[in-house]
Amino acid sequence: MVFALTEIINNIFNFSYFPNAWKTAVVVPILKPGKDPTIPENYRPISLLSTLSKITENFILYKLNEHLIGNKILCPEQFGFRKSLTTNHITKGLDRGECTAAVFLDIQKAFYRVWKQGLIYKLITYKTPPNLVQLLNSYLDDRKFVVRIGSSSPESKTMKAGIPQGGGESRPFFTPSM
């Protein structure tokens, strides 16, 4: 099984192609605690994707981070969504008796509004390897979603805007835009 999975992921990178079958998210609306269930905005869209898709996304993220960090493209003061940086920086400051301050910027529905062509242009500008740009373009192209309420099986819809939103356990993975 591990060898088969390795071969699949290697082929995804070799051909710079992300399988269409892995691009459809099943979106399950979950009511936010203490909110009125009759108001659609009170639901958090939780997106479910195949395990193979999520595993492959981690490898893509690894390769992208390798490029961004290796070429010093990310601002060194940016700690959000960067593995272990926040805690290491705070711990070092505390060890030296320094005070630590943080600024958190939360842009509402930022992932819903990303312009895919602009993102691809930025990746090219940052000299991202062409095969990785092509793979990311394939990954972002033709994303679909199905909103499942109860046992319903509605037709899938194509994403018109937005990008997948990271695989964190507490965050929705995919941000559908109708």
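**Salt bridges and sheet pairing in a predicted model**

Q: In this predicted model, which residue forms a salt bridge with Glu-98?
A: Let's start with the charged side chains. Glu-98 is partly exposed, with 40% relative accessibility. Its partner is exposed, at 53% relative accessibility. The closest N and O atoms of the pair are 3.2 Å apart, and the residue that bridges to Glu-98 is Arg-96.

Q: How many salt bridges does the structure hold?
A: Side chains of opposite charge can pair when their charged atoms come close. The pair of Glu-98 and Arg-96 is one of these bridges, and Lys-116 with Asp-141 is another. The total for the structure is four.

Q: How many residues apart in sequence are the parts that Lys-116 and Asp-141 tie together?
A: Lys-116 and Asp-141 form a salt bridge, with 2.3 Å between the closest N and O atoms. Lys-116 belongs to helix α4 (residues 116-125), while Asp-141 sits in the loop between α5 (130-140) and β3 (144-147), so the parts they link are separated in sequence by 25 residues.

Q: Is Lys-116 buried or exposed?
A: Its salt-bridge partner is Asp-141, which is partly exposed at 33% relative accessibility. The cut-off for a buried residue is under 20% relative accessible area. Lys-116 has 15% relative accessibility, so this lysine counts as buried.

Q: Which residue meets Lys-144 in a salt bridge?
A: Lys-144 is partly exposed, at 22% relative accessibility. The partner is also a partly exposed residue, with a value of 39%. The N to O distance is 3.3 Å, and the partner of Lys-144 is Asp-142.

Q: In β3, which residue is the bridge partner of Thr-24?
A: Now to the sheet. Strand β1 (residues 24-31) runs parallel to β3, and four bridges join them. Within this pairing, Val-26 stands opposite Val-146. For Thr-24, the partner in β3 is Lys-144.

Q: Which residue in β2 stands opposite Pro-29?
A: Strand β1 also pairs with β2, and here the two run antiparallel. Six bridges join β1 to β2. Opposite Pro-29 in β2 stands Pro-45.

Q: Which strands are the edge strands of the open sheet?
A: The sheet has four strands with mixed pairing, in the order β2-β1-β3-β4. An edge strand here pairs on one side only. The two that do so are β2 (43-48) and β4 (157-158).

Note on methods:
Residues numbered from 1 in each chain as written. Predicted model: local features only at pLDDT ≥ 70, side-chain atom pairs only at ≥ 80, totals over all residues. Heavy atoms only, no water. Buried < 20%, exposed > 50% of the residue type's maximum accessible area, 1.4 Å probe, protein only. Pairing = 2+ DSSP bridges.
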